[in-house]
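Thanks for coming, everyone. I would like to walk you through one model today, slowly, and to explain each term when we come to it.

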There are 2 protein chains.
Amino acid sequence: MNDVAAMSSQIPTSIRILMADDQHLVRGALAVLLSLEDDFEVVAEVSRGDQVVPVALACSPDVALLDIEMPGLDGLAAAALLHEQVPTCRVLVLTTFGRSGYLRRAMEAGVLGFLVKDAPVEQLADAVRRVARGERVVDPVLAASTLAGGSSPLTARERDALVAGRDGATVADIAQRLFLSEGTVRNYLSAAISKTGARNRIEALRLAEDQGWL
Amino acid sequence: MNDVAAMSSQIPTSIRILMADDQHLVRGALAVLLSLEDDFEVVAEVSRGDQVVPVALACSPDVALLDIEMPGLDGLAAAALLHEQVPTCRVLVLTTFGRSGYLRRAMEAGVLGFLVKDAPVEQLADAVRRVARGERVVDPVLAASTLAGGSSPLTARERDALVAGRDGATVADIAQRLFLSEGTVRNYLSAAISKTGARNRIEALRLAEDQGWL
DNA sequence: CTGGGCCCATGACGCATGTCATGACGGAGT
DNA sequence: ACTCCGTCATGACATGCGTCATGGGCCCAG
């Protein structure tokens, strides 16, 4: 008896889930969907990335289901923090975009599962169970293309210069934001453009984003 | 008896719903959520805008729940077609972005309800019921900002020039795509930039998009 | 300690871009 | 009929942008 209890694995207790997504409706709907399975229990819902760790500390979930696009803190950053501060909590990332770089960054953040939002519904519950068991769950097609894509050739500052120009800022604006000289900014942008094979910084931005290099 | 049956309004029959969203997971989850209400029946699910009308013709739903960002055909265009070809079907648009222009275009397309995806969950069922009854459902805050925004100051070609430059195309590229001279393109872009109050065509693109002028 | 890589900067060159003036054509409205 | 407005075009000008060469400071690995 003692032995059986100590096995810690197969008491028929439910999997405790934390959900993070900034869109109330989809978060709620997914929570309902998961709650219908009788071995799941959604113990917390948050709408901002920076709430993930505090809430996880409070209610110790088995699995955290994180969206990537979130205010406050990016879901991948949240995953990294979570992995470090609440290592017992496995992470399943659930995102709209199947970008290579997202997957790469997710893996670096210690994420176990990576699911795209247009996966068939049946897959979700399955993925949660497997992640709870400690298995890796990744779409093989996406995994392959990620491997093929290689890792980012951009240096930190080149990346900074690119993202600082997202909203259509001029070189002068970017220079101000990064506390750099205009010439330096132009150099970084130029490097980023040539590395991505683009002809504009706009195109470079788009390409880099698709590759997940931002 | 005859009279009662002929009243057509209050037989306790369920509201037939068609769902269109390209993300399987959220579409499925929302469908489940709605199916839990016993006066709802999700009779069809599609993942592309161009499937909306054919499927609606086949299964004659009372309410169509349309996402905007969809492959094949934009949800708003689908709504317009639906309104014209299946006028008995009321439309509720459900979108990620609460952009003024989306709302405006939705209204022009004969849409009855407009709901953002981060609305609280309880609101969805309520919105569906009200739309089914023929009531308008729109977030008052969004409605106000839309009214304030006014309608697009851009001419058709200015708009064309802007959108043709979305992916970071050069002026020469845009000129080729629109079969115009480079100078003309520059003129259009210049006009668009000054009308939006931007300093770049990139910024102009962003601003115009936020206002829904594209 | 000596490359090599990244960070930061400067200056100069050439092309792309944004602005402006100007003009022609056609449709819509008074 | 005349005028306004949108469409298309040209040419000229100023600025912004992308490229390149060059150099100094820094840190890390060989």
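**One residue to begin with**

Let us start with B:Leu189, which is buried because 21 other C-beta atoms lie within 10 Å. The word "buried" means that 20 or more other C-beta atoms lie within 10 Å of a residue's own, whereas 12 or fewer makes a residue exposed and anything in between partly exposed, with C-beta atoms placed from the backbone. Before going on, I should say that this is a predicted model, in which local features need pLDDT of at least 70 and side-chain atom pairs count only at pLDDT 80 or more, while totals for chains, interfaces and linings use all residues. Residues are numbered from 1 along each chain as its sequence is written, and chains are lettered from A and ligands numbered from 1 in the order in which they are written.

B:Leu189 sits in helix H10 of chain B, where helices (H or I, at least four residues) and strands (E, at least two) are DSSP runs numbered from the N terminus. If we set aside its neighbours within four places in sequence, B:Leu189 is in contact with B:Ala161 and B:Arg201, and "in contact" means that the two C-beta atoms, placed from the backbone, lie within 7 Å. B:Val86, on the other hand, is 103 residues from B:Leu189 in sequence and 39 Å from it in space, C-alpha to C-alpha.

**The DNA strands**

Which residues are closest to DNA strand D? Of the 19 residues that surround this strand, the closest are A:Val171, A:Ser190, B:Thr155, B:Ser181 and B:Gly183, and a residue is counted as near if its C-beta atom, placed from the backbone, lies within 6 Å of the strand. Two or more residues of this surface come from each of H9 and H10 of chain A and H8 and H10 of chain B, and H10(A) has the largest share, with six residues. By class, the surface near strand D holds six nonpolar, ten polar and three charged residues; here Ala, Val, Leu, Ile, Met, Phe, Trp, Tyr, Cys and Pro count as nonpolar, Asp, Glu, Lys and Arg as charged, and the others, Gly among them, as polar.

DNA strand C is also surrounded by 19 residues, and the closest are A:Thr155, A:Leu180, A:Ser181, A:Gly183 and B:Val171. For this strand, the elements giving two or more residues are H8 and H10 of chain A together with H9 and H10 of chain B, and the largest share, six residues, comes from H10(B).

**Two helices, then two chains**

In chain A, H8 (residues 156-164) and H9 (residues 171-178) pack at an angle of about 125 degrees, with their axes 9 Å apart. Where they meet, A:Asp160, A:Ala161 and A:Ala164 in H8(A) face A:Ile174, A:Arg177 and A:Leu178 in H9(A), a contact with four nonpolar, no polar and two charged residues.

How many residues of chain A are in contact with chain B? There are 26, and they touch 26 residues of chain B. H2 (24-35) and H11 (201-211) of chain A each supply at least two residues of that side, with H2(A) giving the most, eight residues.

Finally, H5 (residues 100-108) of chain A is mostly covered, since seven of its nine residues are buried, among them A:Tyr102 and A:Leu103.

Terms used:
Axes fitted to C-alpha atoms, helices over the stretch in contact; angles between N-to-C directions.
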